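Open the model in your viewer and keep the selection box ready. We will go from stop to stop, selecting as we go.

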Amino acid sequence: MTRGPDASGHPESDGLEDRLRRFARIWSRAIYPATATSMTREEFEDYLVPFARRLSDALAAHPFDPAPAADVGTALIDAHCTDPGALSHSLGVVDSYLVLYCASGDPLPAEEGRARCARLQHAIAAGFARALRERTLAEQEAISQAALRAQTDAERALYASEARFRAVFEGAAVGIGISDMDGNVLDVNAALTQMFGGLEHHVRSRKVHEWAHPEDAPGTWDLQGELARGERDHYRIEKPYYRNDGTVLWTNLTVSLLRDPVGQPQYMLALMEDVTERRLLHEQLRFEATHDALTGLPNRTLFFERLQAALAQRAGVARFGLCYLDLDGFKTVNDSLGHAVGDRLLVAVAERLQRCATSPGQLIARIGGDEFGALMVDPKTPEDVTAFAHRILEVLAEPVELDGRELSVRGSIGIVDGPAGELGPAEVLRSADITMYRAKASGGNQYEHADPEADLRAITQHGLTNSLPTALERGEFFIEYQPLVRLSDGTVRGAEALVRWCHPLRGVLGPDQFIPLAENTGLIVPLGRWVLAQAVQQARNWKFGPERGTVRVNVNLSPFQLRDPGLVRDTVNVLQEAGLEPSALCLEVTESALIGADESLIKPLRELADLGVDIALDDFGTGYSNLANLRRMPLSTLKLDRSFTQGMLRDPADPVDIKIVEGVVSLAHTLNLAVTVEGVETGAQVEHLRGLGCDTAQGWYYARPGPPERLHALSLVDAS
């Protein structure tokens, strides 16, 4: 009794070799009746097993490469499986059973499995067609050589030569025709007559030059003229003909010149292979390879080809326009309503976008996922491209109704336009993609025009993002320290650790240039752990004398680090390894990170505070936090943003700023919180802040961020 597939899609508890053998058996049963092989059915099945294994390996390969499947098509020809049914049955078996029986390793997602299977089918068909063509061409060449030898030996053995030639002529599977040098058809064999519909007079009644077809390749009749004049001995092309019923016959045509004993052109010999079915298969495969299966739109491959052609035309004269569209919030549709609804929505969007393409020079394509491209070839003005993008947003504005529910559709569009020849297709698509994400970042449902400077910034950020993972391993990060000065006596109370990146190409980068990138990639956790360890160890190494007490070091925490379950454990381990008291460490968290924070974010801060670590609320006043929330947070310090002290740079100082700072200091002290002020630049600011009761300050008035040795030097003098 056959067991069904297990949860992974394979016949349960069967080994891969057993499944390959079963696949080969199914394959053999499907195509053996159509083969002309001398092998028995069992031998033929054994013959197919290695190729089943090759398909299995190709299906599971990472990265995926369908090329090995072409050898499978070649192997079918080598086994004399030349009947067209052998190919169609083989493709059917691969389509129905390959993923089921031949998948190895981790199971592929269903859509990925189908896509890989389809590309393997294409490769098998291509290998089959190529091998069949090479085999036929070899036969043609053999026939042609036999015909030429027969003509050459005519004077010595005319009767025998004529007999051999006639046998080849009549028995050949390819069509053969002979004409004189004026193009009059003198003789055709049965195979050629059958190709043209079975009426010999239809073929012989017309001269060679009367067989022109609108789809003849450029230069076809130039080649024929050169051969008729004796300037070449043969040529080979793919040529279409009209049959007597109006249908088109596609052939591989080889025409050779037959000369008399003195070398004068005497006859023209034509060999024709009917490749109509193969061409139709090629066109079908080409369509499938260049069109999206879901929407029927051209896919990224065809879009890239058309874009490349548009950019190559009349460089500097012709123009192009490209609109790169991404649907806003499409992932939410898939996640909430399911991929089936998402697919139907994509089909509806594709239909609407098609309505926007109103001229032959406009192409709509699905680039992938929920991304679409619209190409305009040689628009009259840049405004035409903008109007095209506006039209796209207009057709998307109306909700799509699916199963009685209305789904709103929004999109962000990046527009790139300009003269052809200035950019390559890859550069254009990259610029359009970057521009589209700028439109999305601005709120979506709008379009943006490409900006070379914005593109450069995005490319630079991408390069920095790629360099981040190895930068920490290579030791490219270092820390500078800015002193925290007690306002009451001007002594150094501690320092804030500020990480820098010594990039090998771009020099020293500040945290604003790479911290957001580290947060987006998840690298902020290991980087923050490294900064914490380095800063704590440095605090342990500072020796300012027993009368000064322990020097405190402030370390910034990213909001993403608060979500790290190992934050408390790692902090405790770092303090213990350095031998530093928890009170010597202050962790700074920005106000924006704690706006609306739930207990899960505050809990690790509370645990650290219970251990004795100080917690400071950084950039206070830049957000919109509820002041009442300060009571529930385990804070010890408020760090006022520099914007509060800018009014103190003027003379007289801004009374509003004075009152605001006075109120914040009073509130903080009521809550038993110390107040630190950032961005102090002048002695006048220091006097105001000291008079308002602020506890500590930092800024360029005291020192810019620098190496740890500078902090030690400052501690030896009166910093005020």
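The tour below visits one residue, then the cavities, then the nonpolar cores. Keep in mind that this model is predicted.

**Stop 1: Leu363**

Select residues 362-368. This is strand E7, and Leu363 is part of it. Is Leu363 buried or exposed? Its relative accessibility is 13%, and the limit for buried is under 20%, so Leu363 counts as buried.

Now show what surrounds Leu363. Beyond its close sequence neighbours (up to four places away), Leu363 touches Pro298, Phe303 and Arg306, and also Gly373, Ala374 and Leu375. Next, pick the C-alpha atoms of Leu363 and Val377. These residues are 14 residues apart along the chain, and their C-alpha atoms are separated by 8.5 Å.

**Stop 2: the largest cavity**

How many cavities of 30 Å³ or more does the whole structure hold? The search finds four. Start with the largest, which has a volume of about 310 Å³. Select Val208, Trp211, Tyr241, Ala270 and Met272. Of the 22 lining residues, these are the closest to the cavity's centre.

Colour the elements around it. Strands E1 (175-180), E2 (185-188), E3 (234-242), E4 (248-259) and E5 (265-274) each give two or more residues to the lining, and so does helix H9 (220-228). Which element has the largest share? That is E5, with four residues. By class, the lining has 17 nonpolar residues, four polar and one charged.

**Stop 3: the second largest cavity**

Move on to the second largest cavity, with about 100 Å³ of space. Select its lining: Val525, Gly528, Arg529, Leu532, Leu557, Gln561, Asp564, Leu567, Asp570, Thr571 and Leu587. Helix H18 (524-541) and helix H20 (567-578) each supply at least two of the lining residues. H18 has the largest share, four residues. Colour the lining by class: five residues are nonpolar, three polar and three charged.

**Stop 4: the nonpolar cores**

Keep Leu587 selected, and add Val555, Leu585, Leu638 and Val661. These five have the most contacts inside the largest nonpolar core, which has 77 residues. H18 appears again here: it gives the most to this core, with eight residues.

Zoom in on Leu585. Outside its neighbours within four places in sequence, Leu585 is in contact with Leu532, Val536, Arg552, Val553, Val555, Thr571, Leu575, Val613 and Asp614. Two of these names, Leu532 and Thr571, also line the second largest cavity.

For the last selection, take Leu48, Val93, Val94 and Ile124. They are among the 40 residues of another core, which lies apart from the largest one.

Note on methods:
Residues are numbered from 1 along each chain as its sequence is written. This is a predicted model: local features need pLDDT of at least 70, side-chain atom pairs count only at pLDDT 80 or more; totals for chains, interfaces and linings use all residues. Side-chain values use heavy atoms; hydrogens and water are left out. Buried means under 20% relative accessible area, exposed over 50%, partly exposed in between (1.4 Å probe, protein chains only). Contact means heavy atoms within 4.5 Å. On a 1 Å grid over the protein atoms alone, a cavity is a set of points where a 1.4 Å probe fits but cannot get out, and a pocket is an open set with protein on both sides within 12 Å along at least five of seven lines; lining residues have an atom within 4 Å of a point. Grid points are joined across faces, edges and corners, and a volume is the space filled by probe spheres set on the points. Ala, Val, Leu, Ile, Met, Phe, Trp, Tyr, Cys and Pro count as nonpolar, Asp, Glu, Lys and Arg as charged, and the others, Gly among them, as polar. A nonpolar core is a set of buried Ala, Val, Leu, Ile, Met, Phe, Trp, Tyr and Cys residues joined through side-chain atoms within 4.5 Å.
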